[in-house]
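Biologist: Please take a close look at a single part of this model, with its geometry, its burial and its surroundings treated in turn. I would then like to see how that part sits within the rest of the chain.

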Amino acid sequence: MSEKRSLPAGGRPDGVSGALSRRCFVSGAAGAATLMVHSSLAATEETRELRLGVIGCGGRGSGAINDSLTINEGVRLVATADLFAPKCAALWKAMREAHPDKVAATDSIAAGLDGWRRVLDDPSVDIVLITTPPGFRPSYLTEAVAAGKHVFAEKPACVDPAGYRICLEAHDKALANGTAIVAGTQYRRQVNYLGAIEQIRQGAIGDLVSASARYCAGGIWYRPRKEGMSDAEYQLTNWMHFIWLSGDQIVEQAVHNLDTMNWVMGGNPISAFGSGGRFTRPDDSEMWDSMSLDYEYPGNRVVSFMCRQIPGAAADVGNVIRGTQGECQIGGGNAGSRIFDRAGKKIWEMAGSIADAYRQEHKDLVDSIRAGKPIVELRQMADSSMMAVLGRMAAYSGQKVTWKFATEESSLNLFPKDLAWDSTLPRPQFAIPGRTKLV
Ligand SMILES: NC(=O)c1ccc[n+]([C@@H]2O[C@H](COP(=O)([O-])OP(=O)(O)OC[C@H]3O[C@@H](n4cnc5c(N)ncnc54)[C@H](O)[C@@H]3O)[C@@H](O)[C@H]2O)c1
(Lines give C-alpha, C1' and ligand atoms only; values in the text may rest on other atoms or scores of the structure.)
Protein backbone atom coordinates (compact mmCIF):
# COMPACT_ATOMS: atom_id res chain seq x y z
CA MET A 1 0.00 0.00 0.00
CA SER A 2 1.33 3.44 -0.86
CA GLU A 3 1.29 5.99 1.91
CA LYS A 4 2.75 8.68 -0.33
CA ARG A 5 0.60 11.71 -0.89
CA SER A 6 1.22 14.07 -3.72
CA LEU A 7 1.13 17.57 -2.38
CA PRO A 8 -0.84 20.12 -4.31
CA ALA A 9 0.45 21.77 -7.41
CA GLY A 10 0.13 25.53 -7.55
CA GLY A 11 -2.67 27.19 -9.41
CA ARG A 12 -3.75 29.67 -6.88
CA PRO A 13 -6.67 32.04 -6.98
CA ASP A 14 -4.56 34.91 -8.28
CA GLY A 15 -3.42 32.76 -11.21
CA VAL A 16 0.23 32.27 -10.22
CA SER A 17 1.18 28.63 -10.58
CA GLY A 18 3.71 26.66 -8.58
CA ALA A 19 5.67 23.47 -9.01
CA LEU A 20 4.33 20.06 -8.00
CA SER A 21 5.98 19.02 -4.78
CA ARG A 22 6.22 15.63 -3.16
CA ARG A 23 6.92 14.81 0.40
CA CYS A 24 10.60 14.21 0.90
CA PHE A 25 12.79 13.25 3.80
CA VAL A 26 16.11 14.58 4.95
CA SER A 27 18.51 11.75 4.34
CA GLY A 28 22.20 11.12 3.85
CA ALA A 29 24.29 14.25 3.41
CA ALA A 30 21.26 16.54 3.53
CA GLY A 31 20.19 14.99 6.83
CA ALA A 32 23.66 15.41 8.28
CA ALA A 33 23.69 19.04 7.18
CA THR A 34 20.40 19.67 8.96
CA LEU A 35 21.70 18.10 12.13
CA MET A 36 24.83 20.26 12.01
CA VAL A 37 22.79 23.40 11.50
CA HIS A 38 20.71 22.57 14.52
CA SER A 39 23.53 21.64 16.81
CA SER A 40 25.36 24.85 15.93
CA LEU A 41 22.17 26.84 16.49
CA ALA A 42 21.65 25.23 19.88
CA ALA A 43 24.45 27.27 21.43
CA THR A 44 22.82 30.57 20.53
CA GLU A 45 19.15 29.60 20.89
CA GLU A 46 18.90 31.00 24.40
CA THR A 47 19.16 34.59 23.23
CA ARG A 48 18.36 34.57 19.51
CA GLU A 49 15.09 36.05 18.29
CA LEU A 50 12.79 33.27 17.09
CA ARG A 51 10.83 34.01 13.93
CA LEU A 52 7.40 32.61 13.27
CA GLY A 53 5.56 31.59 10.11
CA VAL A 54 1.88 30.62 9.95
CA ILE A 55 0.40 28.18 7.43
CA GLY A 56 -3.39 28.50 7.51
CA CYS A 57 -4.51 31.99 8.58
CA GLY A 58 -8.12 31.32 9.61
CA GLY A 59 -9.65 31.40 13.08
CA ARG A 60 -7.13 29.17 14.79
CA GLY A 61 -4.10 30.38 12.85
CA SER A 62 -4.87 33.91 14.03
CA GLY A 63 -5.53 32.65 17.57
CA ALA A 64 -2.35 30.59 17.76
CA ILE A 65 -0.02 33.32 16.50
CA ASN A 66 -1.67 35.77 18.88
CA ASP A 67 -1.09 33.32 21.74
CA SER A 68 2.58 32.97 20.84
CA LEU A 69 3.19 36.70 20.43
CA THR A 70 1.33 37.39 23.69
CA ILE A 71 3.15 34.90 25.92
CA ASN A 72 6.66 35.01 24.45
CA GLU A 73 9.35 37.69 24.34
CA GLY A 74 11.99 37.72 21.61
CA VAL A 75 9.66 36.35 18.91
CA ARG A 76 8.49 37.90 15.64
CA LEU A 77 5.93 37.07 12.96
CA VAL A 78 7.75 37.00 9.62
CA ALA A 79 5.75 34.88 7.13
CA THR A 80 2.23 33.66 6.38
CA ALA A 81 0.57 31.32 3.90
CA ASP A 82 -3.08 30.64 3.16
CA LEU A 83 -5.16 29.65 0.16
CA PHE A 84 -6.42 33.21 0.11
CA ALA A 85 -4.22 36.31 0.36
CA PRO A 86 -6.89 38.35 2.21
CA LYS A 87 -6.79 35.81 5.09
CA CYS A 88 -3.06 36.45 5.47
CA ALA A 89 -3.56 40.21 5.17
CA ALA A 90 -6.22 40.17 7.90
CA LEU A 91 -3.89 38.24 10.21
CA TRP A 92 -1.03 40.70 9.60
CA LYS A 93 -3.32 43.66 10.28
CA ALA A 94 -4.61 42.15 13.54
CA MET A 95 -1.13 41.22 14.78
CA ARG A 96 0.34 44.59 13.77
CA GLU A 97 -2.34 46.26 15.89
CA ALA A 98 -2.04 43.88 18.86
CA HIS A 99 1.75 43.38 18.88
CA PRO A 100 3.38 46.23 16.91
CA ASP A 101 6.87 45.36 18.17
CA LYS A 102 6.61 41.67 17.27
CA VAL A 103 5.79 41.70 13.55
CA ALA A 104 8.12 42.12 10.56
CA ALA A 105 8.17 45.50 8.85
CA THR A 106 6.46 44.21 5.72
CA ASP A 107 3.70 41.64 5.30
CA SER A 108 5.02 38.39 3.82
CA ILE A 109 2.07 36.66 2.16
CA ALA A 110 2.16 33.37 0.23
CA ALA A 111 -1.25 32.63 -1.29
CA GLY A 112 -2.49 29.47 -2.98
CA LEU A 113 -2.17 25.73 -2.62
CA ASP A 114 1.62 25.96 -2.71
CA GLY A 115 1.98 28.84 -0.23
CA TRP A 116 3.12 26.41 2.49
CA ARG A 117 6.25 25.66 0.44
CA ARG A 118 7.31 29.29 0.40
CA VAL A 119 7.03 29.55 4.20
CA LEU A 120 9.11 26.39 4.65
CA ASP A 121 11.69 27.58 2.09
CA ASP A 122 12.05 30.91 3.92
CA PRO A 123 15.37 30.66 5.82
CA SER A 124 14.28 33.38 8.25
CA VAL A 125 11.46 31.17 9.63
CA ASP A 126 12.46 29.22 12.77
CA ILE A 127 9.02 28.04 13.95
CA VAL A 128 6.07 27.20 11.75
CA LEU A 129 2.49 27.13 13.05
CA ILE A 130 0.49 24.60 11.01
CA THR A 131 -3.15 25.56 11.37
CA THR A 132 -4.73 24.44 8.11
CA PRO A 133 -7.62 21.98 7.92
CA PRO A 134 -6.41 18.61 9.27
CA GLY A 135 -6.22 16.72 5.94
CA PHE A 136 -2.98 18.55 5.11
CA ARG A 137 -1.37 18.03 8.51
CA PRO A 138 0.66 14.83 7.96
CA SER A 139 2.27 16.05 4.72
CA TYR A 140 2.97 19.56 5.98
CA LEU A 141 4.43 18.18 9.21
CA THR A 142 6.71 15.90 7.22
CA GLU A 143 7.86 18.74 5.01
CA ALA A 144 8.34 21.13 7.95
CA VAL A 145 10.51 18.60 9.77
CA ALA A 146 12.50 17.93 6.60
CA ALA A 147 13.06 21.68 6.25
CA GLY A 148 14.51 21.75 9.77
CA LYS A 149 11.73 23.93 11.23
CA HIS A 150 10.37 23.80 14.74
CA VAL A 151 6.61 23.20 14.63
CA PHE A 152 3.39 23.98 16.42
CA ALA A 153 0.72 21.70 14.91
CA GLU A 154 -2.97 22.13 15.62
CA LYS A 155 -5.12 19.12 16.36
CA PRO A 156 -6.00 16.65 14.92
CA ALA A 157 -2.77 15.19 13.54
CA CYS A 158 -4.38 13.03 10.84
CA VAL A 159 -7.71 11.91 9.39
CA ASP A 160 -6.82 8.39 8.21
CA PRO A 161 -4.43 5.49 8.93
CA ALA A 162 -2.04 6.50 6.13
CA GLY A 163 -1.73 9.96 7.68
CA TYR A 164 -1.19 8.41 11.12
CA ARG A 165 1.78 6.42 9.89
CA ILE A 166 3.22 9.51 8.18
CA CYS A 167 2.94 11.38 11.51
CA LEU A 168 4.82 8.67 13.37
CA GLU A 169 7.66 8.97 10.86
CA ALA A 170 7.66 12.76 11.25
CA HIS A 171 7.80 12.38 15.04
CA ASP A 172 10.87 10.14 14.83
CA LYS A 173 12.49 12.41 12.27
CA ALA A 174 12.01 15.47 14.51
CA LEU A 175 13.62 13.59 17.40
CA ALA A 176 16.58 12.73 15.17
CA ASN A 177 16.81 16.32 13.84
CA GLY A 178 16.59 17.93 17.24
CA THR A 179 13.59 20.04 16.18
CA ALA A 180 10.42 20.57 18.20
CA ILE A 181 6.82 19.56 17.50
CA VAL A 182 4.30 20.87 20.02
CA ALA A 183 0.71 19.66 19.62
CA GLY A 184 -2.47 21.74 19.77
CA THR A 185 -4.18 19.44 22.27
CA GLN A 186 -4.30 22.25 24.82
CA TYR A 187 -6.01 20.32 27.60
CA ARG A 188 -2.71 18.55 28.22
CA ARG A 189 -1.55 21.94 29.55
CA GLN A 190 -4.70 23.05 31.37
CA VAL A 191 -4.17 23.07 35.13
CA ASN A 192 -7.47 21.43 36.12
CA TYR A 193 -6.85 18.57 33.66
CA LEU A 194 -3.31 18.09 34.95
CA GLY A 195 -4.60 18.29 38.54
CA ALA A 196 -7.36 15.73 37.94
CA ILE A 197 -5.06 13.25 36.24
CA GLU A 198 -2.59 13.62 39.11
CA GLN A 199 -5.41 12.90 41.61
CA ILE A 200 -6.44 9.81 39.64
CA ARG A 201 -2.84 8.58 39.46
CA GLN A 202 -2.56 9.01 43.24
CA GLY A 203 -5.61 6.80 43.77
CA ALA A 204 -8.28 9.41 44.62
CA ILE A 205 -10.99 7.35 42.85
CA GLY A 206 -9.43 3.92 43.46
CA ASP A 207 -8.84 1.53 40.56
CA LEU A 208 -10.07 2.74 37.17
CA VAL A 209 -13.17 0.91 35.99
CA SER A 210 -14.70 2.88 33.13
CA ALA A 211 -15.10 6.34 31.70
CA SER A 212 -17.45 8.28 29.48
CA ALA A 213 -16.70 11.23 27.27
CA ARG A 214 -19.08 13.52 25.38
CA TYR A 215 -18.67 16.22 22.78
CA CYS A 216 -22.28 17.14 22.17
CA ALA A 217 -22.65 20.55 20.57
CA GLY A 218 -24.98 22.55 18.35
CA GLY A 219 -24.69 22.93 14.60
CA ILE A 220 -21.58 24.08 12.79
CA TRP A 221 -20.87 26.39 9.87
CA TYR A 222 -21.52 25.43 6.25
CA ARG A 223 -20.03 27.47 3.38
CA PRO A 224 -22.24 26.94 0.33
CA ARG A 225 -20.81 26.44 -3.15
CA LYS A 226 -20.55 29.58 -5.24
CA GLU A 227 -20.98 29.69 -8.99
CA GLY A 228 -17.80 28.95 -10.92
CA MET A 229 -16.07 27.12 -8.07
CA SER A 230 -14.20 23.93 -9.03
CA ASP A 231 -14.80 20.86 -6.84
CA ALA A 232 -11.45 21.46 -5.16
CA GLU A 233 -12.06 25.14 -4.46
CA TYR A 234 -15.48 24.36 -3.04
CA GLN A 235 -14.34 21.52 -0.81
CA LEU A 236 -11.31 23.43 0.43
CA THR A 237 -13.52 26.36 1.35
CA ASN A 238 -16.22 24.21 2.96
CA TRP A 239 -13.61 21.85 4.42
CA MET A 240 -15.44 20.75 7.56
CA HIS A 241 -17.97 18.77 5.52
CA PHE A 242 -15.51 16.60 3.57
CA ILE A 243 -13.91 13.71 5.39
CA TRP A 244 -10.54 13.86 3.58
CA LEU A 245 -10.16 17.37 4.98
CA SER A 246 -11.80 17.29 8.44
CA GLY A 247 -12.14 13.61 9.39
CA ASP A 248 -15.76 14.27 10.57
CA GLN A 249 -16.69 15.72 13.97
CA ILE A 250 -15.20 12.86 15.95
CA VAL A 251 -11.74 13.58 14.53
CA GLU A 252 -11.87 17.32 13.99
CA GLN A 253 -13.48 18.33 17.28
CA ALA A 254 -14.01 15.45 19.68
CA VAL A 255 -10.37 14.40 19.46
CA HIS A 256 -9.97 16.59 22.57
CA ASN A 257 -12.03 14.13 24.67
CA LEU A 258 -10.40 11.08 23.13
CA ASP A 259 -6.99 12.54 23.88
CA THR A 260 -8.05 12.96 27.51
CA MET A 261 -9.30 9.36 27.59
CA ASN A 262 -6.01 7.99 26.26
CA TRP A 263 -4.18 10.14 28.82
CA VAL A 264 -6.33 8.77 31.66
CA MET A 265 -6.10 5.17 30.44
CA GLY A 266 -2.36 5.41 29.85
CA GLY A 267 -2.34 4.05 26.30
CA ASN A 268 -4.32 3.28 23.17
CA PRO A 269 -7.58 1.27 23.02
CA ILE A 270 -7.75 -2.29 21.73
CA SER A 271 -10.88 -1.86 19.62
CA ALA A 272 -13.94 0.25 18.90
CA PHE A 273 -17.57 -0.64 18.23
CA GLY A 274 -20.33 1.82 17.62
CA SER A 275 -22.97 3.50 15.57
CA GLY A 276 -24.39 6.82 14.47
CA GLY A 277 -26.00 8.59 11.58
CA ARG A 278 -27.13 11.83 9.98
CA PHE A 279 -30.44 13.68 9.89
CA THR A 280 -29.72 17.40 9.62
CA ARG A 281 -26.63 17.85 7.46
CA PRO A 282 -26.86 19.53 4.06
CA ASP A 283 -27.20 17.02 1.19
CA ASP A 284 -23.62 17.21 -0.02
CA SER A 285 -22.03 17.12 3.43
CA GLU A 286 -20.23 13.85 4.19
CA MET A 287 -20.46 14.45 7.95
CA TRP A 288 -22.61 12.48 10.31
CA ASP A 289 -24.69 14.26 12.95
CA SER A 290 -23.81 11.90 15.76
CA MET A 291 -21.68 8.93 16.73
CA SER A 292 -21.63 6.70 19.82
CA LEU A 293 -18.80 4.29 20.49
CA ASP A 294 -17.48 1.88 23.06
CA TYR A 295 -13.69 1.79 23.16
CA GLU A 296 -12.27 -1.30 24.82
CA TYR A 297 -9.03 -0.88 26.80
CA PRO A 298 -6.72 -3.49 28.35
CA GLY A 299 -7.98 -4.78 31.71
CA ASN A 300 -11.63 -4.98 30.56
CA ARG A 301 -12.00 -1.23 30.90
CA VAL A 302 -14.41 0.58 28.61
CA VAL A 303 -14.67 4.18 27.49
CA SER A 304 -18.15 5.12 26.30
CA PHE A 305 -17.99 8.02 23.91
CA MET A 306 -20.61 10.16 22.24
CA CYS A 307 -20.39 13.14 19.92
CA ARG A 308 -23.00 15.10 18.02
CA GLN A 309 -23.59 18.41 16.30
CA ILE A 310 -27.35 18.93 16.14
CA PRO A 311 -28.88 22.40 16.26
CA GLY A 312 -31.26 22.74 19.20
CA ALA A 313 -30.09 19.58 20.99
CA ALA A 314 -28.54 19.88 24.44
CA ALA A 315 -24.84 20.64 24.67
CA ASP A 316 -22.60 18.55 26.92
CA VAL A 317 -18.81 18.55 26.62
CA GLY A 318 -16.79 16.74 29.25
CA ASN A 319 -15.37 13.54 30.68
CA VAL A 320 -16.33 11.33 33.64
CA ILE A 321 -13.87 8.77 34.96
CA ARG A 322 -15.19 6.11 37.35
CA GLY A 323 -13.13 4.14 39.83
CA THR A 324 -13.76 1.68 42.63
CA GLN A 325 -13.71 4.54 45.21
CA GLY A 326 -15.36 7.42 43.38
CA GLU A 327 -15.76 9.50 40.27
CA CYS A 328 -13.77 12.29 38.62
CA GLN A 329 -15.50 14.84 36.38
CA ILE A 330 -13.36 16.89 33.99
CA GLY A 331 -15.36 19.52 32.14
CA GLY A 332 -14.66 20.94 28.69
CA GLY A 333 -13.53 24.56 28.28
CA ASN A 334 -13.47 26.38 31.62
CA ALA A 335 -15.87 24.02 33.43
CA GLY A 336 -13.24 22.78 35.92
CA SER A 337 -12.62 19.39 37.53
CA ARG A 338 -14.24 17.70 40.54
CA ILE A 339 -13.90 14.42 42.42
CA PHE A 340 -16.72 12.77 44.37
CA ASP A 341 -16.50 9.80 46.71
CA ARG A 342 -18.86 6.80 46.48
CA ALA A 343 -21.38 8.58 48.75
CA GLY A 344 -21.52 11.53 46.33
CA LYS A 345 -19.54 13.89 48.56
CA LYS A 346 -17.23 16.30 46.74
CA ILE A 347 -13.70 15.68 47.97
CA TRP A 348 -11.63 17.75 45.51
CA GLU A 349 -12.05 20.43 42.86
CA MET A 350 -9.93 22.67 40.69
CA ALA A 351 -10.64 25.47 38.20
CA GLY A 352 -8.66 26.05 35.02
CA SER A 353 -8.49 28.45 32.10
CA ILE A 354 -8.49 27.21 28.52
CA ALA A 355 -7.06 30.55 27.34
CA ASP A 356 -4.04 30.02 29.61
CA ALA A 357 -3.64 26.50 28.25
CA TYR A 358 -3.62 27.75 24.63
CA ARG A 359 -0.84 30.21 25.51
CA GLN A 360 1.13 27.69 27.56
CA GLU A 361 1.60 25.54 24.43
CA HIS A 362 3.54 28.35 22.80
CA LYS A 363 5.53 29.19 25.89
CA ASP A 364 6.59 25.57 26.30
CA LEU A 365 7.55 25.38 22.62
CA VAL A 366 9.74 28.48 22.71
CA ASP A 367 11.23 27.68 26.13
CA SER A 368 12.13 24.16 24.99
CA ILE A 369 13.92 25.48 21.89
CA ARG A 370 15.80 28.07 23.93
CA ALA A 371 16.80 25.43 26.48
CA GLY A 372 18.15 23.23 23.66
CA LYS A 373 15.66 20.50 24.63
CA PRO A 374 12.97 20.75 21.94
CA ILE A 375 9.67 19.11 22.88
CA VAL A 376 8.52 16.44 20.41
CA GLU A 377 4.99 15.31 21.26
CA LEU A 378 3.46 14.52 17.89
CA ARG A 379 3.06 10.79 18.60
CA GLN A 380 0.71 11.46 21.51
CA MET A 381 -1.58 13.62 19.36
CA ALA A 382 -1.27 11.21 16.43
CA ASP A 383 -2.42 8.36 18.72
CA SER A 384 -5.46 10.33 19.90
CA SER A 385 -6.30 11.36 16.34
CA MET A 386 -5.98 7.73 15.27
CA MET A 387 -8.28 6.70 18.12
CA ALA A 388 -10.86 9.05 16.62
CA VAL A 389 -10.24 7.61 13.14
CA LEU A 390 -10.64 4.10 14.58
CA GLY A 391 -14.01 5.04 16.05
CA ARG A 392 -15.15 6.59 12.79
CA MET A 393 -14.10 3.49 10.85
CA ALA A 394 -16.11 1.32 13.25
CA ALA A 395 -19.21 3.52 13.11
CA TYR A 396 -19.11 4.07 9.34
CA SER A 397 -18.64 0.38 8.53
CA GLY A 398 -20.85 -1.00 11.32
CA GLN A 399 -18.06 -3.39 12.32
CA LYS A 400 -15.92 -3.87 15.38
CA VAL A 401 -12.50 -2.55 14.40
CA THR A 402 -9.27 -3.28 16.22
CA TRP A 403 -6.42 -0.81 16.78
CA LYS A 404 -4.10 -3.37 15.22
CA PHE A 405 -6.14 -3.56 12.01
CA ALA A 406 -6.60 0.18 11.74
CA THR A 407 -2.98 1.09 12.37
CA GLU A 408 -1.16 -1.81 10.70
CA GLU A 409 -3.41 -3.25 8.01
CA SER A 410 -5.86 -0.62 6.85
CA SER A 411 -5.06 0.93 3.46
CA LEU A 412 -7.40 3.88 3.97
CA ASN A 413 -5.76 6.98 2.46
CA LEU A 414 -8.31 9.73 1.86
CA PHE A 415 -6.07 12.43 0.38
CA PRO A 416 -6.92 13.04 -3.31
CA LYS A 417 -4.29 12.23 -5.89
CA ASP A 418 -2.79 15.22 -7.72
CA LEU A 419 -4.85 17.84 -5.94
CA ALA A 420 -4.91 21.16 -7.79
CA TRP A 421 -7.08 24.25 -7.56
CA ASP A 422 -9.19 23.19 -10.56
CA SER A 423 -9.38 19.47 -9.66
CA THR A 424 -12.55 17.52 -10.23
CA LEU A 425 -13.06 15.41 -7.11
CA PRO A 426 -15.18 12.30 -6.52
CA ARG A 427 -18.83 13.02 -5.70
CA PRO A 428 -19.27 13.53 -1.95
CA GLN A 429 -20.61 10.41 -0.26
CA PHE A 430 -21.64 9.80 3.30
CA ALA A 431 -21.07 6.46 4.97
CA ILE A 432 -23.82 3.86 5.46
CA PRO A 433 -23.07 1.10 8.01
CA GLY A 434 -23.24 -2.36 6.51
CA ARG A 435 -22.53 -0.94 3.05
CA THR A 436 -19.43 1.15 3.67
CA LYS A 437 -16.48 -1.18 3.40
CA LEU A 438 -13.71 -1.43 5.92
CA VAL A 439 -10.46 -0.98 4.02
N1 LIG B 1 -7.15 23.44 19.65
C2 LIG B 1 -8.35 23.94 19.48
O3 LIG B 1 -9.12 24.09 20.42
C4 LIG B 1 -8.81 24.36 18.12
C5 LIG B 1 -9.85 25.30 17.98
C6 LIG B 1 -10.24 25.64 16.68
C7 LIG B 1 -9.64 25.04 15.58
N8 LIG B 1 -8.65 24.11 15.76
C9 LIG B 1 -8.04 23.43 14.62
O10 LIG B 1 -7.36 24.38 13.80
C11 LIG B 1 -7.45 23.99 12.44
C12 LIG B 1 -8.01 25.13 11.62
O13 LIG B 1 -9.33 25.42 12.08
P14 LIG B 1 -9.95 26.90 11.94
O15 LIG B 1 -11.08 26.94 12.88
O16 LIG B 1 -8.87 27.90 12.03
O17 LIG B 1 -10.50 26.85 10.44
P18 LIG B 1 -10.68 28.09 9.44
O19 LIG B 1 -11.54 27.63 8.33
O20 LIG B 1 -11.08 29.30 10.21
O21 LIG B 1 -9.20 28.35 8.91
C22 LIG B 1 -8.49 27.45 8.10
C23 LIG B 1 -7.62 28.29 7.18
O24 LIG B 1 -6.73 27.44 6.47
C25 LIG B 1 -6.69 27.87 5.12
N26 LIG B 1 -6.26 26.73 4.31
C27 LIG B 1 -6.99 25.67 3.89
N28 LIG B 1 -6.21 24.80 3.23
C29 LIG B 1 -4.96 25.34 3.22
C30 LIG B 1 -3.72 24.91 2.67
N31 LIG B 1 -3.60 23.76 2.03
N32 LIG B 1 -2.64 25.71 2.84
C33 LIG B 1 -2.75 26.90 3.50
N34 LIG B 1 -3.91 27.35 4.04
C35 LIG B 1 -4.99 26.56 3.90
C36 LIG B 1 -8.09 28.37 4.82
O37 LIG B 1 -8.16 29.23 3.71
C38 LIG B 1 -8.44 29.06 6.14
O39 LIG B 1 -8.06 30.41 6.14
C40 LIG B 1 -8.28 22.71 12.41
O41 LIG B 1 -7.45 21.59 12.43
C42 LIG B 1 -9.06 22.77 13.72
O43 LIG B 1 -9.40 21.50 14.22
C44 LIG B 1 -8.21 23.80 17.02
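Modeller: The expected span of a helix is 1.5 Å times one less than its number of residues. The structure is a predicted model, and the part I have chosen is helix α2, residues 59-71. α2 has 13 residues, and its first and last C-alpha atoms lie 18 Å apart, close to the 18 Å expected at 1.5 Å a residue.

Burial comes next. The buried residues of α2 are G61, S62, A64, I65, D67, S68 and L69. An α-helix has 3.6 residues a turn, so residues three or four places apart point the same way. The list may be read with that periodicity in mind. These buried residues pack against several elements: the strands β1 (50-55), β2, β4 (127-130) and β5, and the helices α3 (85-98) and α12 (354-370).

α2 also takes part in the surroundings of the ligand. The shell around the ligand holds 26 residues, and the closest of them are G56, G58, G59, R60 and E154. α2 gives the largest share of this shell, 3 residues. β2 (75-82) and α4 (115-121), like α2, each supply at least two residues. By character, the shell comprises 11 nonpolar, 9 polar and 6 charged residues.

One of the packing partners of α2, strand β5, leads on to the next region. The loop between β5 (150-153) and α6 contains P156, and the peptide bond between K155 and P156 is cis, with omega of about -15°. Helix α6, which covers residues 161-177, can be tested in the same way as α2: its 17 residues should span 24 Å at 1.5 Å a residue, and its end C-alpha atoms are 24 Å apart, which agrees. α6 is mostly covered, with 12 of its 17 residues buried. Among them are P161, Y164, R165, H171 and K173. Just after α6, G178 adopts a positive phi of about 80°.

Two residues of this region recur in the setting of V389. Leaving aside residues up to four places away in sequence, V389 touches P161 and Y164, together with C158, V159, D160, G247, V251 and A406. V389 itself belongs to the largest nonpolar core, a set of 117 residues in which V128, L141, L378 and V389 touch the most other members. Helix α13 (residues 378-397) contributes the most to this core, 12 residues. At least three residues of the core come from each of domain 1 (28-187 + 359-378) and domain 2 (190-353 + 386-407).

Two backbone details outside these helices deserve a comparison. D248 is not a glycine, yet has a positive phi of about 80°; D248 sits in the loop between α9 (243-246) and α10 (249-252). With 29 other C-beta atoms within 10 Å, D248 is buried. N300 is likewise not a glycine and has a positive phi, here about 55°, in the loop between β9 (290-297) and β10 (301-309). N300, however, is exposed, because just 8 other C-beta atoms lie within 10 Å and a residue with 12 or fewer counts as exposed.

Later in the chain, L419 lies in the segment after α14 (403-409). L419 is buried, with 21 other C-beta atoms within 10 Å. The C-alpha atoms of L419 and A232 are 7.6 Å apart in space, although 187 residues separate the two in sequence.

Finally, the setting of the whole chain. The chain contains 14 helices and 15 strands, and 49% of its 439 residues are buried. Of the contacts with a separation of 6 or more, 75% join residues 24 or more positions apart. Within this chain, α2 combines buried residues that pack against both strands and helices with the largest share of the shell around the ligand.

Methods. Residues are numbered from 1 along each chain as its sequence is written. This is a predicted model: local features need pLDDT of at least 70, side-chain atom pairs count only at pLDDT 80 or more; totals for chains, interfaces and linings use all residues. A nonpolar core is a set of buried Ala, Val, Leu, Ile, Met, Phe, Trp, Tyr and Cys residues joined through C-beta atoms within 7 Å. A residue is buried if 20 or more other C-beta atoms lie within 10 Å of its own, exposed if 12 or fewer, and partly exposed in between; C-beta atoms are placed from the backbone. Helices (H or I, at least four residues) and strands (E, at least two) are DSSP runs, numbered from the N terminus. Domain bounds come from an automatic or database domain assignment. Two residues are in contact if their C-beta atoms, placed from the backbone, lie within 7 Å. A residue is near a molecule or strand if its C-beta atom, placed from the backbone, lies within 6 Å of it. Ala, Val, Leu, Ile, Met, Phe, Trp, Tyr, Cys and Pro count as nonpolar, Asp, Glu, Lys and Arg as charged, and the others, Gly among them, as polar.
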